[in-house]
Amino acid sequence: LQHIIKIFNIYSASLINELIYKLTYNNTNTLEIDIDKDICYITLSIILSVGFGLDMNDTIHSRDIRVNIKILLDEIALRLGDPTDWWYKICYYRQKKSSEAFKKVDLFANRIISDRLESSQNVNNKYRDLLDILIDANSNNIDNKLSSSDIKDHILTFIAAGSDTSSSAI
């Protein structure tokens, strides 16, 4: 739990610095900031750090993966809001955008899991993350092994479920 508090503090400080930067170097005459989006991205950074053991400040494609996860979360919220929405069914652009986002997130998760399974250790070695726990539980369970797909599903569920709750709490 101590490492989660440290991660939270690091990314919260990052959010504050980002907001200060936006307010200081705002080139418009307005002080509008989309704080919901900023909080969502910081929350995703925290959850990805805890789930996959990634430092989202160092990951090359960290912004891209957060944007794509946010697209998927927005789609989930839209579909849950009204699953019979006829407009969604005919909106090709939304379907294409969410399909592309899903492919990128799926590829990202598969790559992280396969890399970790091959190395059989957490690369950051600072703490055990959720992926470490799932892999360890899987290696100790001979009768009911999880597939890589099952592990990915658990991690992505953790990310989806935790992001909305956590960003609301922040």
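These are my notebook entries on the helices of this chain and on how some of them pack.

**Entry 1: the whole chain**

I began by noting that the model is predicted. I then looked up the secondary structure. The chain has seven helices and zero strands. Read along the sequence, I get the pattern α-α-α-α-α-α-α.

Next I checked burial. Of the 170 residues in the chain, 35% are buried. The accessible surface comes to about 11,100 Å². Carbon and sulfur atoms hold 57% of that surface.

I also looked at contact range. I took contacts between residues at least 6 apart in sequence, and 64% of them join residues at least 24 apart.

**Entry 2: helix H1**

H1 covers residues 2-24. I counted 23 residues in H1 and a reach of 33 Å from its first C-alpha to its last. That is close to the 33 Å expected at 1.5 Å a residue.

Which residues of H1 are buried? I found Ile7, Tyr11, Leu15 and Leu19. Their spacing made me recall helix geometry. An α-helix has 3.6 residues a turn, so residues three or four places apart point the same way. The buried residues of H1 pack against helix H2, residues 35-52.

I stopped at Leu23, which also lies in H1. Is Leu23 buried or exposed? Neither: Leu23 has 44% relative accessibility and so counts as partly exposed. The cut-offs settle this, because buried means under 20% and exposed means over 50%. From Leu23 I went to Ile33, 10 residues apart from Leu23 along the chain. Their C-alpha atoms are separated by 8.2 Å.

**Entry 3: H1 against H2**

I looked up the geometry of this pair. The axes of H1 and H2 are 10 Å apart, and the helices pack at an angle of about 155°. H1 is therefore roughly antiparallel to H2, because angles over 145 degrees get that label. The crossing of H1 and H2 is right-handed.

I then listed the residues in contact. From H1 come Ile4, Ile7, Phe8, Tyr11, Ser12, Ser14, Leu15, Leu19 and Lys22. From H2 come Ile35, Asp38, Ile39, Ile42, Ser45, Ile46, Ser49 and Val50.

**Entry 4: two aspartates in H2**

Asp38 is in helix H2. I read its relative accessibility as 8%, so Asp38 counts as buried. What does Asp38 touch, not counting residues up to four places away in sequence? I found Leu15, Leu19, Lys22 and Ile33. Among these, Leu15 and Leu19 are buried residues of H1.

Asp36 lies in H2 too. Asp36 is exposed, with a relative accessible area of 52%. I measured off no contacts here, but I did look up a C-alpha pair: Asp36 and Ser167 are 8.1 Å apart in space and 131 residues apart in sequence.

**Entry 5: H2 against H7**

Helix H7 spans residues 148-169. The axes of H2 and H7 come within 9 Å and cross at roughly 140°. That makes H2 oblique to H7. I noted a right-handed crossing for H2 and H7.

Which residues meet across H2 and H7? On the H2 side I have Ile39, Cys40, Thr43, Leu44, Ile47, Leu48, Val50, Gly51 and Phe52. On the H7 side I have Ile155, Phe158, Ile159, Gly162, Ser163, Ser166 and Ser167. Ile39 and Val50 of H2 are also listed in the contact with H1.

**Entry 6: H6 against H7**

I moved on to helix H6, residues 130-140. The axes of H6 and H7 come within 10 Å and cross at roughly 150°. That makes H6 roughly antiparallel to H7. The crossing of H6 and H7 is right-handed.

Leu130, Leu131, Leu134, Ile135 and Asn138 represent H6 in this contact. Ile151, His154, Ile155 and Phe158 represent H7. I had already seen Ile155 and Phe158 meeting H2.

My last stop was Asp153, found in helix H7. Asp153 is partly exposed, with a relative accessible area of 40%. Where does Asp153 sit with respect to Asp106? The two are 47 residues apart in sequence, and C-alpha to C-alpha they are 9.6 Å apart in space.

Key:
Residues numbered from 1 in each chain as written. Predicted model: local features only at pLDDT ≥ 70, side-chain atom pairs only at ≥ 80, totals over all residues. Heavy atoms only, no water. Helix = DSSP H or I, 4+ residues; strand = E, 2+ residues; numbered from the N terminus. Buried < 20%, exposed > 50% of the residue type's maximum accessible area, 1.4 Å probe, protein only. Contact = heavy atoms within 4.5 Å. Areas by Shrake-Rupley, 256 points an atom, 1.4 Å probe, with all protein chains shown as cover. Expected span 1.5 Å × (residues − 1). Axes fitted to C-alpha atoms, helices over the stretch in contact; angles between N-to-C directions. Parallel < 35°, antiparallel > 145°, perpendicular 65-115°, else oblique. Left-handed = near helix turned anticlockwise from the far one by under 90°.
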